[in-house]
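This briefing is meant for a reader who is meeting the structure for the first time. Please look over the sequence and the model before reading on.

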Amino acid sequence: MEHRFTNDAKIFKALCDEKRLMILELLQSGEKCACVLIDKMDMGQSGLSYHMKILCESGIVTSRQEGKWTHYSLSKSGSEYALKRLRCLTTPRAEDAFE
């Protein structure tokens, strides 16, 4: 059970930062090269790497290498899992309502 909450914490950590939310919005229109994200976010390579590591560890974003650049995209399965966990954690259970 603790393992599930460890994964949940990674998901919610990914979503609790303004810059990471901006990155997710940029990725909604499709895969982006790190060079594009660096330019659009007006941040350095190390700053972007920090945020992308957290997003990738959450499972919401996937990455692939092409030459020296990394390309990022939203993970359909990771996004669906994050939404499922949010719903699960925030939906009251009928059996707990009478306690």
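The notes below go from the overall fold to single residues and then to charged pairs. The model is a predicted one, and it contains five helices and three strands. Its radius of gyration is 16 Å, whereas a compact globule of 99 residues would have a value near 13 Å.

**Overall fold and dimensions**

- Read from the N terminus, the order of elements in the protein is α-α-β-α-α-β-β-α, which accounts for the five helices and three strands.
- Along the principal axes, the C-alpha atoms of the protein fill a box of roughly 55 × 25 × 20 Å.
- Among the contacts in the protein with a separation of 6 or more, 56% are between residues 24 or more positions apart.

**Surface and charge**

- Of the 99 residues in the protein, 30% are buried.
- The protein exposes about 6900 Å², and carbon and sulfur atoms supply 55% of that area.
- The protein carries 15 positive and 14 negative side chains, and the centres of these two sets lie 4 Å apart.

**His71 and its surroundings**

- His71 belongs to strand β3, which covers residues 69–74.
- With a relative accessibility of 13%, His71 counts as buried, because the cut-off for a buried residue is under 20%.
- Leaving aside residues up to four places away in sequence, His71 touches Glu31, Lys32 and Cys33, and also Thr62, Ser63, Arg64 and Glu66.

**A salt bridge between distant parts of the chain**

- Side chains of opposite charge can pair when their charged atoms come close.
- The count of salt bridges in this model comes to five, and one of them joins Arg85 to Asp8, with the closest N and O atoms 2.8 Å apart.
- This pair links distant parts of the chain, since Arg85 lies in helix α5 (residues 76–90) and Asp8 lies in helix α1 (residues 2–15), 77 residues apart.
- Both partners are buried: Arg85 has a relative accessible area of 6%, and Asp8 is at 3% relative accessibility.

**Salt bridges within a helix**

- In helix α4 (residues 45–58), Lys53 and Glu57 are four residues apart, about one turn of the helix, and their side chains meet in a salt bridge with an N to O distance of 2.9 Å.
- Lys53 is exposed, with a relative accessible area of 52%, while Glu57 counts as partly exposed at 43% relative accessibility.
- In helix α5, a salt bridge connects Glu80 with Lys76, and the closest N and O atoms of this pair are 3.5 Å apart.
- Glu80 and Lys76 are separated by about one helical turn because they are four residues apart in helix α5.
- Glu80 is partly exposed, with a relative accessible area of 47%, and Lys76 counts as exposed at 62% relative accessibility.

**A network of shared partners**

- Glu31, Arg64 and Glu66 are joined into one network by salt bridges that share partners.
- The residues of this network also appear in the surroundings of His71, which touches Glu31, Arg64 and Glu66.

Technical notes: Residues numbered from 1 in each chain as written. Predicted model: local features only at pLDDT ≥ 70, side-chain atom pairs only at ≥ 80, totals over all residues. Heavy atoms only, no water. Helix = DSSP H or I, 4+ residues; strand = E, 2+ residues; numbered from the N terminus. Rg over C-alpha atoms; globule rule 2.2 N^0.38 Å. Buried < 20%, exposed > 50% of the residue type's maximum accessible area, 1.4 Å probe, protein only. Contact = heavy atoms within 4.5 Å. Areas by Shrake-Rupley, 256 points an atom, 1.4 Å probe, with all protein chains shown as cover. Lys, Arg positive; Asp, Glu negative; His and termini not counted. Charge placed at Lys NZ, Arg CZ, Asp CG, Glu CD. Salt bridge = Lys/Arg side-chain N within 4 Å of Asp/Glu carboxyl O.
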